[in-house]
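This report covers pockets, salt bridges, cysteines, surface features and backbone angles. The sequence and structure come next.

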Amino acid sequence: MKIIHINRNIIQQNTKHDKQDPVVRVEENGVVTYCMEVEIKGPSRMVYRPDKPRTCGAKLWIETESEVILHD
């Protein structure tokens, strides 16, 4: 299972410091990778759980078993 979400803290830091660090967070098997864009090559679902966020704090994310291609 791959979990994809946007790190809004990095978006805020990018705005504050006029930067363009990657904000798309992709987690698979406990390994986290950041990128600028992700392409999902198959079925996926978007999950919103404001009452039960992920440990990273995300309340909205995408779950997929499909192949994903990360772009920087």
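What volume does the largest pocket have? The volume is about 250 Å³. The model described here is predicted.

## Largest pocket

The lining of the largest pocket consists of His5, Ile6, Asn7, Arg8, Asn9, Arg25, Tyr34, Cys56, Gly57, Ala58, Lys59 and Leu60. At least two lining residues come from strand E1 (2-6), and at least two from helix H1 (8-17).

Some lining residues return in later sections. Cys56, one of the lining residues, is partly exposed at a relative accessible area of 37%. Leu60 also lines the pocket and belongs to a nonpolar patch on the surface. Arg25, another residue of the lining, is part of a salt-bridge network.

## Salt bridges

How many salt bridges does a search of the whole structure find? The search finds six. Side chains of opposite charge can pair when their charged atoms come close. One of the six salt bridges is between lysine 2 and glutamate 28, with 3.8 Å between the closest N and O atoms. This pair links distant parts of the chain, since lysine 2 is in strand E1 and glutamate 28 is in strand E2, 26 residues apart. Lysine 2 is buried, with a relative accessible area of 10%, a value under the 20% limit for that class. Its partner glutamate 28 is partly exposed at 35%.

Arginine 54 pairs with glutamate 27, and here the closest N and O atoms are 3.5 Å apart. Arginine 54 is in the loop between E5 and E6 while glutamate 27 is in strand E2, so this salt bridge ties together parts 27 residues apart in sequence. The relative accessible area of arginine 54 is 23%, which makes it partly exposed. A further salt bridge joins the side chains of glutamate 39 and lysine 41, at 2.9 Å from N to O. Both partners count as partly exposed: glutamate 39 has 30% relative accessibility, and lysine 41 has 46%. Through shared partners, salt bridges also join Arg25, Glu27 and Arg54 into one network.

## Cysteines

How many disulfides does the structure hold? The number is zero. A disulfide is a covalent bond between the sulfur atoms of two cysteines. For cysteine 35, the closest cysteine sulfur is that of cysteine 56, at 14 Å, and this is too far for a bond. The cut-off for a disulfide is 2.5 Å between the sulfur atoms. Seen from the other end, cysteine 56 is in no disulfide, and its nearest cysteine sulfur is the one in cysteine 35.

Is cysteine 35 buried or exposed? Cysteine 35 counts as buried because its relative accessibility is 1%. Cysteine 56, by contrast, is partly exposed, with a relative accessible area of 37%.

## Surface patch and an exposed loop residue

Met46, Tyr48 and Leu60 make up a nonpolar patch on the surface. Together, the three residues have about 370 Å² of accessible area. Tyrosine 48 lies in strand E5, which covers residues 45-48. Its relative accessibility is 58%, so tyrosine 48 counts as exposed.

Glutamate 65 sits in the loop between strand E6 (60-64) and strand E7 (68-71). At 59% relative accessibility, this glutamate counts as exposed. Its C-alpha atom is 16 Å from that of valine 32, and the two residues are 33 apart along the chain.

## Positive phi angles

Which residue in the loop between H1 and strand E2 (24-28) is considered here? The residue is aspartate 18. Aspartate 18 has a positive phi of about 50 degrees, although it is not a glycine. With 74% relative accessibility, aspartate 18 counts as exposed.

Asparagine 29 also has a positive phi, near 55 degrees, and is likewise a residue other than glycine. Its position is in the loop between E2 and strand E3 (31-35). Asparagine 29 counts as exposed because its relative accessibility is 70%, a value over the 50% limit for that class.

Methods:
Residues numbered from 1 in each chain as written. Predicted model: local features only at pLDDT ≥ 70, side-chain atom pairs only at ≥ 80, totals over all residues. Heavy atoms only, no water. Patch = residues over 30% accessible without salt bridge, like charges linked within 9 Å, V, L, I, M, F, W, Y side chains within 5 Å. Areas by Shrake-Rupley, 256 points an atom, 1.4 Å probe, with all protein chains shown as cover. Salt bridge = Lys/Arg side-chain N within 4 Å of Asp/Glu carboxyl O. Helix = DSSP H or I, 4+ residues; strand = E, 2+ residues; numbered from the N terminus. Buried < 20%, exposed > 50% of the residue type's maximum accessible area, 1.4 Å probe, protein only. 1 Å grid on protein atoms, 1.4 Å probe; cavity = no way out; pocket = protein on both sides within 12 Å on 5 of 7 lines; lining within 4 Å. Points joined across faces, edges and corners; volume = space filled by probe spheres on them.
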